[in-house]
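This briefing introduces a protein structure to a reader who is new to the subject. Please examine the sequence and the model before reading the points that follow.

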Amino acid sequence: MHIDLHNHTIFCHHATGCIDEYIQAAIAQGIDVYGFSCHSPMSFDKNFRMNLEEFSQYCQMLQTAKAHYADKIEILLGMEVDYILNHENLIEQAVLDYPFDYLIGSVHFLDDWGFDNPAFIKQYSQRNIEECWEQYLLSITKMAQSGLFQIVGHFDLLKIFGHKPKDIHQQSIKDALESIADNHLAIELNSAGWRKPIKESYPSKEILTQAFKLNIPITFGSDAHSVEQVGFKYQDLRHLALEVGYTQAVFFRQKQSVVIDI
Ligand SMILES: [Zn+2]
Ligand SMILES: [Zn+2]
C-alpha cells in the first residue's frame, strides 16, 4: 500500500499548486492514502504559512475534496505544526481543536532562527553547531512529550545544509527516539532531504535503524511543495525501510493509527 502524508499547497504561501492538482497527481501515481499537511497558522514567521482566515477555508476545501475523490483515493486532513522549544503557546488552539486525522510536529526554528531557510544560511557560521544539535534534539524530545502530535516531521532536519550530527550527539538522539517511542508517535520517512544539499533522506539510515530497534512506527512523506514532487523518491524510501527491517507503516484516521504492509 502506497501512502504519502506530508504535502503542502499554495495555502502555505511558499508552495505552488492547488488541492485538486495534488490529488490528481497522487491518483496518477497509484497512491492509496494521501494526506495534506500545510503549515499551520501562527503569529510568527507569517510569510510562510496560512493565516487564521485561510485556515477554515483549508479545512473546508479538504473536506470537500475528501468526499469528492472518495471512490478513487483516501484523502486525509492534516497539518504540519511548528514546535518551538519554550514557545508552545504559539500553537493555535483552533489547530489543536479541529478534528484532523493527524498533526505532524516539526522543528524548523531554534529560537527565532529558521535554520532550514536558505535566506538565513549565514547564521551557521556564527553559531556553535554542536550546541544547535543539542537544542534541536531537545526540542524533538519535548515535542514528543507534549502529546499534541502523531508524527515527527523530518527527524534530523538540522543536517539540511550538510551539518550532520556527530558521535557526541548520540545520547541526545537516543533520548529523542526513546521519548518518541514512549509517547507512541510515528517517524516519517521524508524524501525532501534528497532535494537539499545534504542529499539524503530524513532520517538517515543510521537513525532509522535505531528507531526500528525501539519499535517506532514509520510513515511516508514526500514533503511536496509543488505538484511535480508528489511521491518524490517513494521507492527509495520504501527500500530504505525494508533494508532496515520494517515491513509495515502507519497512517492516521482521526488520530488513530492504521497499520499497513509496505
Ligand atoms: Zn517541515
Ligand atoms: Zn513540510
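Two strands pair if DSSP finds at least two bridges between them. Helices (H or I, at least four residues) and strands (E, at least two) are DSSP runs, numbered from the N terminus. With these terms, strand 3 and strand 4 pair in the parallel sense over five bridges. This is a predicted model, in which local features need pLDDT of at least 70 and side-chain atom pairs count only at pLDDT 80 or more, while totals for chains, interfaces and linings use all residues. Residues are numbered from 1 along each chain as its sequence is written, chains are lettered from A and ligands numbered from 1 in the order in which they are written, and side-chain values use heavy atoms, with hydrogens and water left out.

**The sheet**

- Seven strands form an open sheet in the order 1-2-3-4-7-8-9, with parallel pairing. Its edge strands are strand 1 and strand 9, each of which pairs on one side only.
- Strands of a sheet pair through backbone hydrogen bonds, either parallel or antiparallel.
- Strand 1 and strand 2 run parallel and are joined by two bridges; D4 stands opposite Y34 in strand 2.
- Strand 2 pairs with strand 3 (residues 74–82) in the parallel sense over seven bridges, and the bridge partner of S37 in strand 3 is G78.
- The chain passes from strand 2 through helix 2 (residues 52–68) to strand 3 in a right-handed β-α-β crossover. A crossover is right-handed if, with the strands pointing away from the viewer, the path from the first strand over the helix to the second runs clockwise.
- Strand 1, helix 1 and strand 2 also make a right-handed β-α-β unit.
- Between strand 3 and strand 4, V81 stands opposite G105 in strand 4.
- Strand 4 pairs with strand 7 in the parallel sense over two bridges, where I104 stands opposite I151 in strand 7.

**Buried strands and the nonpolar core**

- Buried means under 20% relative accessible area, exposed over 50%, and partly exposed in between (1.4 Å probe, protein chains only).
- Strand 2 (residues 33–39) is mostly covered, since seven of its seven residues are buried. V33, G35, S37 and H39 point one way from strand 2, and Y34, F36 and C38 point the other way.
- In a regular strand the side chains alternate between the two faces of the sheet.
- Eight of the nine residues of strand 3 are buried, so strand 3 is largely enclosed by the rest of the structure.
- A nonpolar core is a set of buried Ala, Val, Leu, Ile, Met, Phe, Trp, Tyr and Cys residues joined through side-chain atoms within 4.5 Å. The largest such core has 88 residues, of which Y58, F100, Y136, F155, I180 and F220 touch the most other members. Helix 5 (residues 129–145) gives the most to this core, with seven residues.
- Leaving aside neighbours within four places in sequence, F220 is in contact (heavy atoms within 4.5 Å) with residues including I3, L5, H6, L189 and I262.

**The two zinc ions**

- Donors are N, O and S atoms within 2.8 Å of the metal (3.2 Å for Na, K and Ca); water is not among the atoms, so sites may look incomplete.
- The zinc ion (ligand 1) has the protein donors E80 (OE), H108 (NE2) and H154 (NE2), lying 2.1 to 2.2 Å from it. Along the chain these donors follow the spacing E-x27-H-x45-H.
- H108 lies in the loop between strand 4 (102–106) and strand 5 (109–110) and H154 in the loop between strand 7 (151–152) and helix 6 (170–182), so the pair ties together parts that are 46 residues apart in sequence.
- H108 counts as buried at 7% relative accessibility, and H154 counts as buried at 2%.
- The zinc ion (ligand 2) has the protein donors H6 (NE2), H8 (NE2), E80 (OE) and D223 (OD), lying 2.0 to 2.3 Å from it.
- E80 bridges the zinc ion (ligand 2) and the zinc ion (ligand 1), which lie 3.3 Å apart.
- Both H6 and D223 are buried.

**A glycine beside the zinc donors in sequence**- G153 has its place in the loop between strand 7 and helix 6, and G153 is buried, with a relative accessible area of 0%.
- G153 and S106 are 47 residues apart in sequence and 4.8 Å apart in space, C-alpha to C-alpha.
- Leaving aside neighbours within four places in sequence, G153 is in contact with I104, G105, S106 and E188.
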